[in-house]
Amino acid sequence: MLRAAFHIHTHHSYDSFTRPQWLVDRAIRLGIDSLAVTDHDTLAGALETKRCATQTKLNVIVGVEYATDLGDIIGLFLHEEIQSRHAFEVIDAIRRQGGLSILPHPFHHHKQVEDLAQNVDMIEVFNARIRPDRNEKAVALAAWAKKPAIIGSDAHFLNEIDNAIIYFDTSGPLTKDVILQTAQQWKVTYTSVFKTQCSQLVKGFKKRDPILLRRQLYTMLAENAIKLKNKFV
Ligand SMILES: [Zn+2]
Ligand SMILES: [Zn+2]
């Protein structure tokens, strides 16, 4: 059995502080064999994580999550950055590099979701940061499009990386064909809403966006005030 974790962000994303070296150390401690790093709009985090893991037994899959005109598209096994931000061009470019295209969290800010589902190689049917009803719709979409399913933690903090673990029935290595064709078992946990909100704070901080920072802080304070009130009243 090979243990793998997909859809992981590092500090190369605008909403994460995670250092690639921390990721490598934690993945090894958790007994993870393969890690697919997919930062927002850059291969840099995956490449840095791969460099950090060279002297270890951890296999790092170089990936990225591009924000396209129709929503996020993930590419794995990439060698070069893709310049286009048109969804179908991005999917074609991933294919030309011999990569694997994934439609992540299909019911979170995507347009033409059926067309996208029919064009990608795989569909993310569980994302640890997405509402359960949206993940359920993603399961139905993958069945409708007859596409293989994959899961992702969408980890923005270090302690989220094992929220979605896939066990592949193989001794490895984890190639594109193994991901597409080998039997998988999953172990999943949802990320807390608090952590998802904290990523928005990180985004506001890193983008030097005081409006986003203030709005997010107020939302979190207000929600916690309501929770506290319900506890004591
Ligand atoms: Zn995304
Ligand atoms: Zn993501």
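Colleague: Before we look at helix packing, what makes two residues count as in contact here?

Modeller: Two residues are in contact if their C-beta atoms, placed from the backbone, lie within 7 Å; bear in mind as well that this is a predicted model.

Colleague: OK, so what do the buried residues of H1 pack against?

Modeller: The buried residues of H1 pack against strand E1 (2–8), strand E2 (34–40) and helix H2 (44–52).

Colleague: Which residues of H1 are those buried ones?

Modeller: In helix H1, which spans residues 20–29, the buried residues are Pro-20, Leu-23, Val-24 and Ala-27. They lie on the same side of H1, because the arc they cover around the axis is only 95°.

Colleague: And what happens just after H1?

Modeller: Gly-31, just after H1, takes a positive phi of about 75°.

Colleague: Which residues are buried in H2, then?

Modeller: Those of H2 are Gly-45, Ala-46, Glu-48 and Thr-49. Their arc around the axis is only 165°, so they too sit on the same side of their helix, H2. As for partners, the buried residues of H2 pack against H1, E2 and strand E3 (59–68).

Colleague: Switching to the sheet, what is the strand order?

Modeller: The sheet is open and has 9 strands in the order E7-E6-E5-E4-E3-E2-E1-E8-E9, with mixed pairing. Its edge strands are strand E7 (149–152) and strand E9 (184–188), each of which pairs on one side only, and the twist from one strand to the next averages 30°.

Colleague: Do E8 and E9 run parallel or antiparallel?

Modeller: They run antiparallel, with 5 bridges joining strand E8 (residues 164–168) to E9; Tyr-167 stands opposite Gln-185 in E9.

Colleague: Which strands do H3 and H5 touch?

Modeller: Helix H3 (residues 87–96) packs on the sheet and touches E3, strand E4 (71–76) and strand E5 (100–103), with its direction at about 5° to that of E4. Helix H5 (residues 132–145) also packs on the sheet, where it touches strand E6 (122–127) and E7, and its direction makes about 160° with that of E6.

Colleague: Last topic: what does the domain assignment give?

Modeller: The domain assignment gives domain 1 (2–190) and domain 2 (194–232), and the centres of domain 1 and domain 2, taken over C-alpha atoms, are separated by 27 Å.

Colleague: How many residues does the contact take from each domain?

Modeller: The contact takes 8 residues from domain 1 and 7 residues from domain 2. On the side of domain 1 that touches domain 2, the residues divide into 3 nonpolar, 2 polar and 3 charged.

Technical notes:
Residues are numbered from 1 along each chain as its sequence is written. Chains are lettered from A and ligands numbered from 1 in the order in which they are written. This is a predicted model: local features need pLDDT of at least 70, side-chain atom pairs count only at pLDDT 80 or more; totals for chains, interfaces and linings use all residues. A residue is buried if 20 or more other C-beta atoms lie within 10 Å of its own, exposed if 12 or fewer, and partly exposed in between; C-beta atoms are placed from the backbone. Helices (H or I, at least four residues) and strands (E, at least two) are DSSP runs, numbered from the N terminus. The arc is that of the directions from the helix axis to the C-beta atoms. Domain bounds come from an automatic or database domain assignment. Ala, Val, Leu, Ile, Met, Phe, Trp, Tyr, Cys and Pro count as nonpolar, Asp, Glu, Lys and Arg as charged, and the others, Gly among them, as polar. Two strands pair if DSSP finds at least two bridges between them. Axes are lines fitted to C-alpha atoms, for helices over the stretch in contact, and angles run from 0 to 180 degrees between N-to-C directions.
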